[in-house]
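This briefing sets out how the strands and helices of the structure below are arranged. The points are grouped by topic.

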Amino acid sequence: MSILIVDDSRLNLVFLQNVLDAAGYKNIQTASSAQEAFDILSIRDQLSPRKAAAIDLILLDIVMPGIDGIEACRIIKSCTVYQDLPIIFLTADRIHFKEAFNAGGMDFIEKGGPDYELLARVQSAIRLKKEMDSRKVREEKVHKELQLAKHLQRSVLSPPINETMIRVHSSYLQSTEVSGDMLYWKMFDPQHCGVLLIDVSGHGISAALISMSIRSLLDGIVGVVKEPHLVCEELNKKMRALFGKNRRAAYFTAIYLFIDLERKQIEYFNAGHPPGLLFLKDQYPTQLTGTTVPIGIQNDMKLDTAIVTYDTPARIVLYTDGLVEKPGVSIHAGIEKLEHYAQSLYYLENEAFVVKLERLIQHRKDDVCIISIELP
């Protein structure tokens with residue numbers, strides 16, 4: 001471990017260096033002024049260097065000519081790379097203590113005190129520095145892994161559909177690095193399309209793991225069966241098989257549409273999800289409301305579905321609750337606001353329409369997913 005001693009007294013520098021050296025601390029640097037300390041720390045014009053110098057602890061005299069120890073501490077602590085660097089003040093009295101601690105000092109050593117007190121405080125500060133360094137390494141590792149998970153999660157999202165009779169675009173916004181929301185769609189043939197949106201309960205890594213588990217099964221579910229009640233049944237079976245034995249219930253809300261472009265008919269199930277919105281030109285939107293409970297809660301859930309039709313150009317909006325929920329405001333008010341706003345944007349191309357809807361997001365504490373299905 002490397003220790004920097006800053007003191008304008010040559011006698012004190014030699015004394016402290018000898019005590020620390022005798023205790024086994026071999027990597028010791030000294031500075032006789034705050035400016036010399038800044039040079040060692042690569043602080044120029046009070047600006048933070050990009051990389052921290054290899055210093056684990058500073059013993060800093062308070063009373064020095066030029067820049068005193070308290071101001072020096074404040075400058076060092078203002079540098080991003082040194083915010084966690086422990087600084088112990090060296091002082092002959094306590095009149096500056098309050099100001100010194102406010103500047104960022106973590107401890108003090110009274111000059112002339114016993115060696116064991118000096119060594120105990122140094123040992124404690126270095127132990128703290130080691131723990132903080134270890135924590136930083138762990139956090140950086142977790143951050144990198146989350147970034148990779150985020151990339152993987154986005155890589156499995158369905159690409160947009162741009163066909164003559166149907167266009168599907170989406171917006172996928174994660175609150176942290178990973179999300180419990182997942183979307184999926186599939187063109188079974190030129191006349192039939194299935195669109196699914198799920199929202200796993202909870203947030204963060206656990207919700208993301210569940211959503212990715214479900215995503216890995218969708219090609220074998222929606223790819224094999226098309227009808228909404230069969231999709232719902234298979235999803236519930238898989239969810240119960242994967243997580244049904246856990247003490248902590250895992251479930252997700254979902255809405256799935258089976259769109260028949262030839263018959264202009266949409267059959268859907270809504271398992272506890274916010275209602276989808278069907279917009280027909282110059283008409284008030286129709287809500288695709290709930291037909292059953294969230295998936296994963298019950299072994300034998302209702303498999304009810306509903307059917308809506310359209311005989312004019314239409315647009316359907318599916319979304320997760322993060323788009324319409326706001327603290328202190330009912331979700332119904334949020335949905336009503338979405339209906340009015342989306343209706344005012346009806347003239348936009350589908351992709352631009354989705355981007356505009358993102359403006360309704362009030363906060364990013366929840367994951368948000370938006371799907372727009374345009375049926376010309």
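**The six-stranded sheet**

In this predicted model, six strands make up an open sheet whose order is β6-β7-β16-β15-β12-β13, with antiparallel pairing. Because β6 (161-162) and β13 (286-288) each have a single partner strand, they stand at the edges, and one side of each is left without a neighbour in the sheet. A further open sheet contains five strands, and helices pack against it, among them α6 and α7.

- Strand β6 is joined to β7 (residues 167-173) by two bridges, and the two strands pair in the antiparallel sense.
- Within this pair, Ile161 has Val168 in β7 as its bridge partner.

**The five-stranded sheet**

- The order of strands in this open sheet is β8-β9-β10-β11-β14, and the pairing is antiparallel.
- Its edge strands are β8 (181-189) and β14, each of which pairs on one side only.
- From one strand to the next, the twist averages 15 degrees.
- Helix α6 packs on this sheet, where it touches β8, β9 (192-200) and β10. The direction of α6 makes about 10 degrees with that of β8.
- Helix α7 (residues 228-243) lies across β9, β10 and β11, and runs at about 25 degrees to β11.
- In general, the strands of a sheet pair through backbone hydrogen bonds, either parallel or antiparallel.

**Pairing of β8 with β9**

- Eight bridges link β8 and β9, which pair in the antiparallel sense.
- The connection from β8 to β9 is a hairpin through two residues.
- Across this pair, Leu183 stands opposite Leu197 in β9.

**Strand β11 and its two partners**

- How much of β11 (residues 265-271) is covered? The strand is mostly covered, with seven of its seven residues buried.
- In a regular strand, side chains alternate between the two faces of the sheet.
- In β11, Gln265, Glu267, Phe269 and Ala271 point one way, while Ile266, Tyr268 and Asn270 point the other way; all are buried.
- On one side, β11 is joined to β10 (residues 252-260) by six bridges, and these strands run antiparallel. Asp260 has Gln265 in β11 as its bridge partner.
- Strands β10 and β11 form a hairpin with four residues between them. In the turn, Lys264 has a positive phi of about 55 degrees.
- Strand β11 is also joined to β14 (residues 306-309), by four bridges, and these two run antiparallel. Here Gln265 has Thr309 in β14 as its bridge partner.

**Helix α5 and its neighbours**

- The axes of α5 (residues 115-155) and α6 (residues 204-221) come within 12 Å and cross at roughly 30 degrees. This crossing of α5 and α6 is left-handed.
- From α5, Leu146, Leu152 and Gln153 meet Ile205, Ala208, Ser211 and Met212 of α6. By class, this contact has five nonpolar, two polar and no charged residues.
- The axes of α1 (residues 10-22) and α5 come within 11 Å and cross at roughly 70 degrees. That angle makes α1 roughly perpendicular to α5.
- Phe15, Leu16, Val19 and Leu20 of α1 meet Asp115, Leu118, Leu119 and Val122 of α5. By class, this contact has seven nonpolar, no polar and one charged residues.

**The loop residue Leu345**

- Where does Leu345 lie? Leu345 is in the loop between α8 (331-344) and α9 (350-357).
- Is Leu345 buried or exposed? Leu345 counts as buried because its relative accessibility is 6%, and the limit for a buried residue is under 20%.
- Apart from its neighbours within four places in sequence, Leu345 is in contact with Arg315, Phe353, Lys356 and Leu357.
- Leu345 and Gln123 are separated by 222 residues in sequence and by 65 Å in space, C-alpha to C-alpha.

Conventions. Residues numbered from 1 in each chain as written. Predicted model: local features only at pLDDT ≥ 70, side-chain atom pairs only at ≥ 80, totals over all residues. Heavy atoms only, no water. Buried < 20%, exposed > 50% of the residue type's maximum accessible area, 1.4 Å probe, protein only. Pairing = 2+ DSSP bridges. Contact = heavy atoms within 4.5 Å. Axes fitted to C-alpha atoms, helices over the stretch in contact; angles between N-to-C directions. Left-handed = near helix turned anticlockwise from the far one by under 90°. Nonpolar A, V, L, I, M, F, W, Y, C, P; charged D, E, K, R; others polar. Parallel < 35°, antiparallel > 145°, perpendicular 65-115°, else oblique.
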